[in-house]
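Student: I have this model open at the bench. Please take me through one part of the chain closely, after a quick word on the whole.

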Amino acid sequence: MKQNLEFESHKVSFAENNIAMSFITKLKSAFGNSKSIDKKATLDTTEAIIQDIEHDPFAISEENVLYAGLNELGGYYSFQTVIVGTFKVKTKKGGQLKVTGKNYNLELNSESVEFESDPTDIKGRSITKIDFQIEENDATKITQHQPNQLVLNCKKQEIVFNTAIAANE
């Protein structure tokens, strides 16, 4: 059973099965074994990342693109994120995501304290998958009111993302 919820131009899926790994596999294959990619290229942009990936971005920073969605499995909710760009981390202390929207502020902790970025074939670009714990009522806030800003803190790094809709206005 799969339900789709719309908030502005983003589609959020609540699925019984965890599809995050297939999403990461698709992201990696977008950069995969392409001979046309110049591994010596040093200038990577958020526009290039968005063009390389077939999914719509959830939020954008200066050097990173965040893809996100909500997942529900057995009454347990998570906010799944995939960050593509210059963000590179290996941690055993987890991360935090502050989500700011109209009339709400959420502080989410990563589900796992251990995670690390995976390199891509494009120089300077990594893929980092982080799932965050979220309560059902907080998930509803995100689906009903598009966040304006997300701030990721992890291992002394801070990335400020503006939602894709706000970034395009």
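Tutor: The secondary structure comes to 4 helices and 13 strands. This is a predicted model. Of the 169 residues, 45% count as buried. The accessible surface is about 9,900 Å². Carbon and sulfur atoms hold 45% of that surface. Now the contacts between residues at least 6 apart in sequence: 59% of them join residues at least 24 apart.

The part to look at runs from strand β11 to strand β13. Start with β11, which spans residues 126–134. Gln-133 sits in this strand. Is Gln-133 buried, exposed or partly exposed? Its relative accessibility is 38%. Buried would need under 20%, and exposed would need over 50%. Gln-133 therefore counts as partly exposed.

What does Gln-133 touch, leaving aside residues up to four places away in sequence? Tyr-76 and Tyr-77 are on the list. So are Leu-108, Asn-109, Ser-110 and Glu-111. Ser-78 is worth finding too. Gln-133 and Ser-78 are 55 residues apart in sequence. Their C-alpha atoms are 4.9 Å apart in space.

Next comes helix α3, residues 136–144. Which of its residues are buried? They are Asp-138, Ala-139, Ile-142 and Thr-143. Look down the helix axis: these buried residues fall within an arc of 145°, so they line one face of α3. The spacing rule helps here. An α-helix has 3.6 residues a turn, so residues three or four places apart point the same way. Turn to the other side of α3, where Asn-137 and Gln-144 are exposed.

Move on to the loop between β12 (149–154) and β13 (157–163). Lys-155 lies in this loop, and Lys-156 lies there as well. Check the backbone angles. Most residues other than glycine have a negative phi. Lys-155 has a positive phi of about 50°, although it is not a glycine. Lys-156 also has a positive phi, about 65°, and is not a glycine either.

How exposed are these two lysines? Lys-155 has a relative accessible area of 53%. The cut-off for exposed is over 50%, so Lys-155 counts as exposed. Lys-156 is exposed with a relative accessible area of 90%.

To retrace the path on screen, begin at the partly exposed Gln-133. Follow α3 with its buried face. Finish at the loop that holds Lys-155 and Lys-156.

Key:
Residues numbered from 1 in each chain as written. Predicted model: local features only at pLDDT ≥ 70, side-chain atom pairs only at ≥ 80, totals over all residues. Heavy atoms only, no water. Helix = DSSP H or I, 4+ residues; strand = E, 2+ residues; numbered from the N terminus. Buried < 20%, exposed > 50% of the residue type's maximum accessible area, 1.4 Å probe, protein only. Arc of directions from axis to C-beta. Contact = heavy atoms within 4.5 Å. Areas by Shrake-Rupley, 256 points an atom, 1.4 Å probe, with all protein chains shown as cover.
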